[in-house]
Amino acid sequence: MTPSDATATAALQDREFSARLDARLREFFRAERERVTGISSSATDLVDAIERLTHGGKRLRARLCYWGWRAAGGGADAPEPEIAAAALELFQTAALIHDDILDRSDTRRGSPSVHRVFESLHRESRWAADAEHFGVSAAVLTGDMSLSFAEQLFADAAARVPAPAAARARELFSTMRTEVMVGQYLDIHAEVAPAPADPREQLERAMTVLRYKSAKYSVEHPVSIGAALAGAEPAFLTACTGFALPLGEAFQLRDDVLGVFGDPETTGKPAGDDIREGKRTALVALCAQGGDSAENAWLDSVLGRPDLDAEDITRARALIRDSGALRRSEELIDSLVTTSDEGLAALATDGVSRAGLRNLANAAVRRAR
């Protein structure tokens with residue numbers, strides 16, 4: 001099979017997998033909605049909120065899980081990667097719901113975030129007490145429910161494979177959960193703790209947050225979980241990390257760039273939202289290394305101010321660009337992509353699986369949203 005044939009075959013199988021995954025999720029939500037509604041019709045809104053948010057994603061983690069499974073020799077139409085992928089989608093949904101509460105974000109993917117949806121429900125229904133508190137409380141529970149759904153599905157997937165494969169996959173899933181929670185904490189800690197005086201330490205801290213909050217759970221763990229379920233040995237999983245971790249870091253660096261410079265029409269977030277939320281990303285750390293000290297002091301003073309107007313955001317963007325931080329971030333992305341490409345080329349797998357992973361790698365870092 002030629003490389004172009006492998007790419008075309010991988011794209012077709014990726015679409016077919018995505019269609020099967022969508023069908024599985026629809027059936028899962030139908031069953032859970034019926035179960036929850038049987039308890040109380042008032043609680044149906046929880047399942048509806050999870051389904052709406054889950055439906056809006058690009059399925060990157062799910063598809064990486066599928067191609068990790070395939071790369072390790074798993075069958076093209078097997079149910080195990082579909083179920084595990086559905087679990088990853090619901091884990092992602094839980095993380096997004098909780099992340100929007102922590103960041104006090106009003107929107108997600110161009111629509112109101114879940115806590116704002118429940119806040120609006122309270123106001124429109126003219127219920128008693130505080131609408132904002134109800135919105136946050138309901139969203140916390142919705143995120144917890146989505147996390148519970150993820151655990152339920154992953155247990156199903158693991159029960160379908162041999163015990164050694166299940167044990168490795170469960171260990172990876174557990175590690176992923178812990179790392180994401182720690183990464184989230186380090187993210188909010190960095191927003192309030194004094195920034196290190198040494199810009200190099202600022203960058204190191206930003207990269208640690210990036211790695212554990214996003215890079216590992218967005219790319220490395222989905223690939224490795226899929227491969228582990230297919231029976232991959234530790235050496236193959238290590239090779240997966242050589243490809244997937246640098247790709248995950250490049251993916252999040254791209255996300256950070258879009259958080260400052262992205263078009264709201266495509267990102268679904270207000271322009272410069274990361275600055276208003278006080279995100280001390282690698283972009284900010286790189287700016288501290290190369291920018292004017294007075295301008296950097298101004299940027300440090302406005303990070304985390306939700307009332308920043310368009311003029312302030314424009315000034316912050318200009319500072320980040322003029323300091324060379326944007327250029328250096330793009331160079332770092334390119335370097336990580338090169339490392340990832342080399343890792344993928346060395347992965348002992350078939351041409352179609354390699355093409356499937358390469359297609360997703362390109363989509364992860366060459367995007368506008």
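The exercises below deal with pockets, cavities, single residues and one helix in a predicted model.

**Exercise 1. The largest pocket**

Task: State the volume of the largest pocket, and find which residues lie nearest its centre and which helices line it.

Solution.
- Step 1. The space in the largest pocket comes to about 1100 Å³.
- Step 2. Its lining has 45 residues, and those nearest the centre are Leu-96, Asp-99, Arg-108, Gln-252 and Asp-255.
- Step 3. The helices that each give at least two residues to this lining are helix 3 (60-71), helix 4 (79-103), helix 7 (163-192), helix 8 (199-229), helix 9 (234-261), helix 10 (264-267) and helix 11 (273-276).
- Step 4. Sorted by class, the lining holds 21 charged, 12 polar and 12 nonpolar residues.

**Exercise 2. The second largest pocket**

Task: Describe the second largest pocket by volume, centre, helices and residue classes.

Solution.
- Step 1. About 360 Å³ of space is found in the second largest pocket.
- Step 2. Of its 17 lining residues, Asp-103, Arg-104, Arg-276, Glu-277 and Pro-306 are nearest the centre.
- Step 3. At least two lining residues come from each of helix 4, helix 7 and helix 11.
- Step 4. The classes are 8 charged, 5 nonpolar and 4 polar residues.

**Exercise 3. Asp-100 and Gln-184**

Task: For Asp-100, decide whether the residue is buried or exposed, and name its side-chain partner. Do likewise for Gln-184.

Solution.
- Step 1. Asp-100 is part of helix 4. Its relative accessible area is 2%, and buried means under 20%, so Asp-100 is buried.
- Step 2. The side chain of Asp-100 has a polar contact of 2.7 Å with the side chain of Arg-108.
- Step 3. Beyond four places in sequence, Asp-100 contacts Ser-105, Thr-107, Arg-108, Ser-113, His-115 and Lys-269.
- Step 4. Gln-184 belongs to helix 7. Its relative accessible area is 11%, so Gln-184 is also under the 20% limit and counts as buried.
- Step 5. A polar contact of 3.4 Å links the side chains of Gln-184 and Asp-99. Asp-99 has already appeared among the residues nearest the centre of the largest pocket.
- Step 6. With residues up to four places away left out, Gln-184 touches Ala-95, Asp-99, Leu-102 and Lys-213.

**Exercise 4. Leu-88**

Task: Which residues does Leu-88 contact outside its own stretch of sequence, and how far is Leu-88 from Arg-205?

Solution.
- Step 1. Leu-88 sits in helix 4, and its relative accessibility of 2% makes it buried.
- Step 2. Apart from neighbours within four places in sequence, its contacts are Arg-61, Cys-65, Phe-173, Met-176, Pro-222 and Ile-225.
- Step 3. Between Leu-88 and Arg-205 the separation is 117 residues in sequence and 26 Å from C-alpha to C-alpha.

**Exercise 5. The cavities**

Task: How many cavities of 30 Å³ or more does the structure hold, and what lines them?

Solution.
- Step 1. The search of the whole structure gives 2 such cavities.
- Step 2. The largest cavity has about 80 Å³ of space. Its lining consists of Ala-190, Ala-195, Pro-196, Gln-202, Arg-205, Ala-206, Arg-280, Thr-281, Val-284 and Ala-285.
- Step 3. Two or more of these residues come from helix 8 and from helix 12 (282-290). Helix 8 gives the largest share, 3 residues.
- Step 4. By class, this lining has 6 nonpolar, 2 polar and 2 charged residues.
- Step 5. The second largest cavity has a volume of about 30 Å³. Val-260, Asp-274, Ile-275, Lys-279, Thr-281, Val-284, Leu-303 and Ile-320 line it.
- Step 6. In the second largest cavity the lining divides into 5 nonpolar, 1 polar and 2 charged residues.

**Exercise 6. The two sides of helix 13**

Task: Find the buried residues of helix 13, and explain why they count as lying on one side.

Solution.
- Step 1. In helix 13 (residues 293-302), Asn-296, Trp-298, Leu-299 and Val-302 are buried.
- Step 2. These residues lie on the same side of helix 13 because they cover an arc of only 155 degrees around the axis.
- Step 3. The cover over the buried residues includes helix 11, helix 12 and helix 14 (310-322).
- Step 4. On the face turned away from the buried side are the exposed residues Ser-293 and Ala-294.
- Step 5. After helix 13 comes Gly-304, with a positive phi near 90 degrees.

Conventions: Residues numbered from 1 in each chain as written. Predicted model: local features only at pLDDT ≥ 70, side-chain atom pairs only at ≥ 80, totals over all residues. Heavy atoms only, no water. 1 Å grid on protein atoms, 1.4 Å probe; cavity = no way out; pocket = protein on both sides within 12 Å on 5 of 7 lines; lining within 4 Å. Points joined across faces, edges and corners; volume = space filled by probe spheres on them. Helix = DSSP H or I, 4+ residues; strand = E, 2+ residues; numbered from the N terminus. Nonpolar A, V, L, I, M, F, W, Y, C, P; charged D, E, K, R; others polar. Buried < 20%, exposed > 50% of the residue type's maximum accessible area, 1.4 Å probe, protein only. Polar contact = N/O pair within 3.5 Å; in protein donor to acceptor, adjacent residues only side chain to side chain. Contact = heavy atoms within 4.5 Å. Arc of directions from axis to C-beta.
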